[in-house]
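Visitor: I'd like a close look at one part of this protein, please. Could you walk me through a pair of helices that pack together, and then show me a little of what surrounds them?

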Amino acid sequence: MDAFSPKLKYWTSSFADPRLFQIFSLGILLATGAYFRDFSIRPEQVLLTFAAGLLTQAACWRLTPSKPRTLRSAIITCLSLTLLLRADNLIAHPIAAAFAISSKSIFRLRGKHLFNPATIGIIFAIVLLPGTWVSPGQWGQDVAVAGWVVMLGMLVTNRARRGDISWTFLAFYLGAIALRIGYLGQRWAVWTHQLESGALLLFAFFMISDPMTGPNDRRGRIAHAALVAAIAYAWQVRLYHTNGLIWALFIAAPCVPIWDAIWPARKFEWTQNGGGHVLSVFSANPDSSFVSTRDHRTDSRRAA
């Protein structure tokens, strides 16, 4: 029995990795969306996205040989790209995936990659690659779809302890829309129409909640959520531009180091084997205690 204990402990900690739950959730969304909602993405686009993303991740390992080698984060990025990005050709998705994965090694500050990989991959595609667009309306306004996204999102954010930034963003963004509706005297069906948006909930629970690119301290996450909500609201309601959520997260990304400087705290880290995670919940005080899912020695380990 003792001989199997290390293996049992390894597999138990591996299944505790929040990225596995996120892969599972995003995979369900992609499969059900393609089957029931006709996401208009071709199978070869999906295959090319994953081929380019995973190969780029393998190439990036050579740049950081000391870091754990796991494809889980790259799979999440590829799933996010296939869920949101659309193109009328076969080259846009793999190029966007390669750029998104490589951005983690290119744009770094204080040991963290600055931009959410899927976000910067989408921005890169719609700005520089022809025949690309984001299709937020593909989700429809079905309450059942929105409810499934919420439940899957809660599963992921609870595993990664990042539910605070998701719910704070939704409170600020939907609150701003509610105030506008009240001021203009519009019907409240306009507000529920926003609430039922699968694209909004996908963004709130699977993108802004990324623990590797968000602020380390809870106060920073609240401030960041408010900033992203304000930019998204102004982008869509005041400037009448599309893709406000994606652009807001991209524009606000350079503020994350500012929040981390104002409210210092240990950064979220994945463990060496990719299973489980190390989560710092206290300020950067040498006397503060440190809570992790593994031994304290994993504090020095970094994952892509």
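Guide: Here is a walk along helix α8 and its partner α11, followed by a few other spots in the chain. A quick note before we start: this is a predicted model, where local features need pLDDT of at least 70, side-chain atom pairs count only at pLDDT 80 or more, and totals for chains, interfaces and linings use all residues. Residues are numbered from 1 along each chain as its sequence is written, and side-chain values use heavy atoms, with hydrogens and water left out.

First, the setting. The protein has 13 helices and six strands; both are DSSP runs numbered from the N terminus, helices being H or I with at least four residues and strands E with at least two. Of its 304 residues, 52% count as buried. Buried means under 20% relative accessible area, exposed means over 50%, and partly exposed is in between (1.4 Å probe, protein chains only). If you take the contacts (heavy atoms within 4.5 Å) with a separation of 6 or more, residues 24 or more positions apart account for 74% of them.

Now to α8 itself. This helix has 22 residues and reaches 32 Å from its first C-alpha to its last, close to the expected 32 Å at 1.5 Å a residue. That expected span is 1.5 Å times one less than the number of residues. Its buried residues include Gly163, Ile165, Phe169, Tyr173, Ile177 and Ile181. When you look at a list like that, remember that an α-helix has 3.6 residues a turn, so residues three or four places apart point the same way. Just after α8 comes glycine 185, with a positive phi near 70°.

What does α8 pack against? One partner is α11: the two helices pack at an angle of about 35°, and their axes are 8 Å apart. (Axes are lines fitted to C-alpha atoms, for helices over the stretch in contact, and angles run from 0 to 180 degrees between N-to-C directions.) The crossing of α8 past α11 is right-handed, which is the name used if the near helix is turned clockwise from the far one by less than a right angle; anticlockwise would be left-handed. On the α8 side, the residues that meet α11 include Asp164, Phe169, Phe172, Tyr173 and Arg180. On the α11 side, they include Arg218, Arg221, Ile222, Ala225, Ala229 and Tyr233. By class, this contact has 14 nonpolar, three polar and four charged residues. Here Ala, Val, Leu, Ile, Met, Phe, Trp, Tyr, Cys and Pro count as nonpolar, Asp, Glu, Lys and Arg as charged, and the others, Gly among them, as polar.

Some of those charged residues pair up. Arginine 218 forms a salt bridge with aspartate 164, their closest N and O atoms being 3.2 Å apart. A salt bridge is a side-chain nitrogen of Lys or Arg within 4 Å of a carboxyl oxygen of Asp or Glu. This pair links distant parts of the chain, 54 residues apart: arginine 218 belongs to α11 (residues 218-238), and aspartate 164 to α8 (residues 163-184). Aspartate 164 counts as buried, at 14% relative accessibility.

Right beside that pair in sequence, the side chains of aspartate 217 and arginine 219 meet in a salt bridge too, at 2.9 Å from N to O. Aspartate 217 is buried, with a relative accessible area of 10%, whereas arginine 219 is partly exposed at 47%. Salt bridges with shared partners also join Asp164, Arg218 and Arg221 into one network. The count for the protein comes to five salt bridges.

Follow the chain past α11 and you reach the loop between α11 and α12 (244-252), where tyrosine 240 is found. Tyrosine 240 has a positive phi of about 60° although it is not a glycine, and it is exposed at 65% relative accessibility. Asparagine 243 is in the loop between α11 and α12 as well. Its phi is also positive, about 60°, and it is not a glycine either. Asparagine 243, though, is buried, with a relative accessible area of 16%.

One last stop, away from this pair: serine 80 lies in helix α4 and is buried, with a relative accessible area of 8%. Leaving aside its neighbours within four places in sequence, serine 80 is in contact with Leu26 and Ala118.
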